[in-house]
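This report describes the fold, cores, salt bridges and empty spaces of one protein chain. The sequence and structure come next, and the text follows them.

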Amino acid sequence: MVKHSNINNLSRLKNLGLPAIANLNELSSQMRLSSGLIQQLVYKSDAHYKVYHLEKKSGGYREIAQPSRAMKAAQSWILRKILSRLSSSQNAKGFETGESILSNAAPHIGAHVILNIDLEDFFNTVPASHVYSIFHSIGYNKIISHIFTRLCTFKGRLPQGAPTSPKLSNLACHRLDSRIQGYSGPKGIMYTRYADDITLSAFNENKIRKAQPIIEEILKDEGFTINQNKTKVCGTRKRKEVTGLVVSIDGVTIGRTKYRQIRAMIYTMLKSDSSKLAQVNGWLAYINSVDEKNYARLKKYILTLRKSFPNNELLDSIHYIKAK
């Protein structure tokens, strides 16, 4: 019976286009890592991370667990050969091929009211048991699922810093997304999630006000903690933001405030602060990807600055203007 089940699972993995692996030797062969190294990574997994902390803009610190070179190699193989071939929910817009903050904001165009909910310590909220369930549910046996789980978790949680964590977080949130969509969809409420940023929108403010406590209860029931300081409802008179972009009745832009900030940064760079060049190029690349109209306006503005700064060589170093 067990052998028959294993054969069925291996067939299922092959049908999904995933590596059909039943034991450590097969995994070693496919990963091109020695079985001894894989065992060391599994049984001493927590020792293969360097932990440091980054200061948050909102205060406090974010823990980053950076995997060792060997651990990262194993994780990259798992991401490339397995996780990248699995489908997340249609609501997940972060860390997915073809998705971006623009595709996360676009579904909310035209909404009269938007609810933004931020989740605290997102990756570390996903426990190893959820990761194990992902691998086991697609057909890997208990031994291989355990190995993959140990390779992808740090201290029993998803580490922020591992290449596998973003995709695993989306897969682990499949039930969360289904529950929220199941509630919001029939009520005409649009729902998207960009990692730890939850966004719901509707034409009617009462719908959102009634939905908020129910959505928050679902999030808590799924084990997540809500950052109340970043949770807000933007009604008809307030500027509506979704993952840093401004959503209006007819489109998505970077907003007037950010446009003016970038203009000022460009002028300051040319006048007195050449160190801002990399920052300016970064912002222009970003704006070019999310807001073509304001990118064109900035391009025109920079071209007019040639009259004010005719001999400034920095103008020829603004790559995203030269490329167009």
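A residue counts as buried when its relative accessible area is under 20%, as exposed when that area is over 50%, and as partly exposed in between. Glutamate 205, at 33% relative accessibility, therefore counts as partly exposed. The model is predicted, and every value below was computed from it.

## Overall make-up

The protein has 324 residues, of which 45% count as buried. Its secondary structure comes to 15 helices and nine strands. The C-alpha trace spans about 75 × 50 × 40 Å along its principal axes. Among contacts with a separation of 6 or more, 69% are between residues 24 or more positions apart.

## Nonpolar cores

The largest nonpolar core holds 59 residues, and within this core Met31 and Phe148 touch the most other members. Leaving aside residues up to four places away in sequence, phenylalanine 148 touches Leu27, Met31, Trp77, Ile78, Ile82, Phe135 and Tyr140. A second core, separate from the largest, has 29 residues; Ile262, Met269, Val290 and Tyr301 are among them.

## A three-stranded sheet

Strands of a sheet pair through backbone hydrogen bonds, either parallel or antiparallel. One open sheet in this model has three strands in the order E7-E8-E9, and the pairing is antiparallel. Its edge strands are E7 (240-242) and E9 (252-253), each of which pairs on one side only. Strand E8 (residues 245-247) is joined to E9 by two bridges. In one of the pairings, valine 247 has valine 252 of E9 as its bridge partner.

## Salt bridges

Side chains of opposite charge can pair when their charged atoms come close. How many salt bridges does a search of the whole structure find? The search finds nine. The table gives three of them, with the distance between N and O.

| Basic residue | Acidic residue | N to O distance |
|---|---|---|
| Arginine 179 | Glutamate 222 | 2.9 Å |
| Arginine 209 | Glutamate 205 | 3.1 Å |
| Arginine 306 | Aspartate 316 | 3.6 Å |

Arginine 179 and glutamate 222 meet in a salt bridge of 2.9 Å. Arginine 179 lies in helix H10 (residues 174-184), while glutamate 222 lies in the loop between helix H11 (205-221) and strand E6 (225-234), so the pair ties together parts that are 43 residues apart in sequence. The two partners fall into separate accessibility classes: arginine 179 is partly exposed, with a relative accessible area of 32%, whereas glutamate 222 is buried, with a relative accessible area of 12%.

The bridge between arginine 209 and glutamate 205 belongs to helix H11, where the two residues are four apart and therefore separated by about one helical turn. Arginine 209 is partly exposed, at a relative accessible area of 43%, and glutamate 205 is also partly exposed, at 33%.

In the third pair, arginine 306 forms a salt bridge with aspartate 316, and their closest N and O atoms are 3.6 Å apart. This pair links distant parts of the chain, 10 residues apart: arginine 306 is in helix H14 (residues 292-308), and aspartate 316 is in the loop between H14 and helix H15 (319-322). Arginine 306 counts as partly exposed at 34% relative accessibility, as does aspartate 316 at 43%.

Some bridges share partners: Arg175, Arg179, Asp221 and Glu222 are joined in this way into one network.

## Pocket and cavity

Rolling a probe the size of a water molecule over the atoms shows where empty space is left. The largest pocket has a volume of about 1600 Å³. It is lined by 42 residues, and the closest of these to the pocket centre are Lys57, Arg62, Asp118, Asp197 and Lys230. The elements that contribute two or more residues to this lining are strands E2 (61-67), E3 (113-120), E5 (197-202), E6 and E7, together with helices H6 (122-125), H12 (256-271) and H13 (277-290). Which element gives the largest share of the lining? Strand E3 does, with five residues.

The structure also holds one cavity of 30 Å³ or more. About 50 Å³ of space lies in the largest cavity. The residues lining the largest cavity are Asn6, Asn9, Leu10, Leu13, Ile21, Ala22, Gly139, Tyr140 and Asn141. Tyr140 also appears among the residues that phenylalanine 148 touches.

Notes
Residues numbered from 1 in each chain as written. Predicted model: local features only at pLDDT ≥ 70, side-chain atom pairs only at ≥ 80, totals over all residues. Heavy atoms only, no water. Core = buried A, V, L, I, M, F, W, Y, C linked by side-chain atoms within 4.5 Å. Buried < 20%, exposed > 50% of the residue type's maximum accessible area, 1.4 Å probe, protein only. Contact = heavy atoms within 4.5 Å. Pairing = 2+ DSSP bridges. Salt bridge = Lys/Arg side-chain N within 4 Å of Asp/Glu carboxyl O. 1 Å grid on protein atoms, 1.4 Å probe; cavity = no way out; pocket = protein on both sides within 12 Å on 5 of 7 lines; lining within 4 Å. Points joined across faces, edges and corners; volume = space filled by probe spheres on them.
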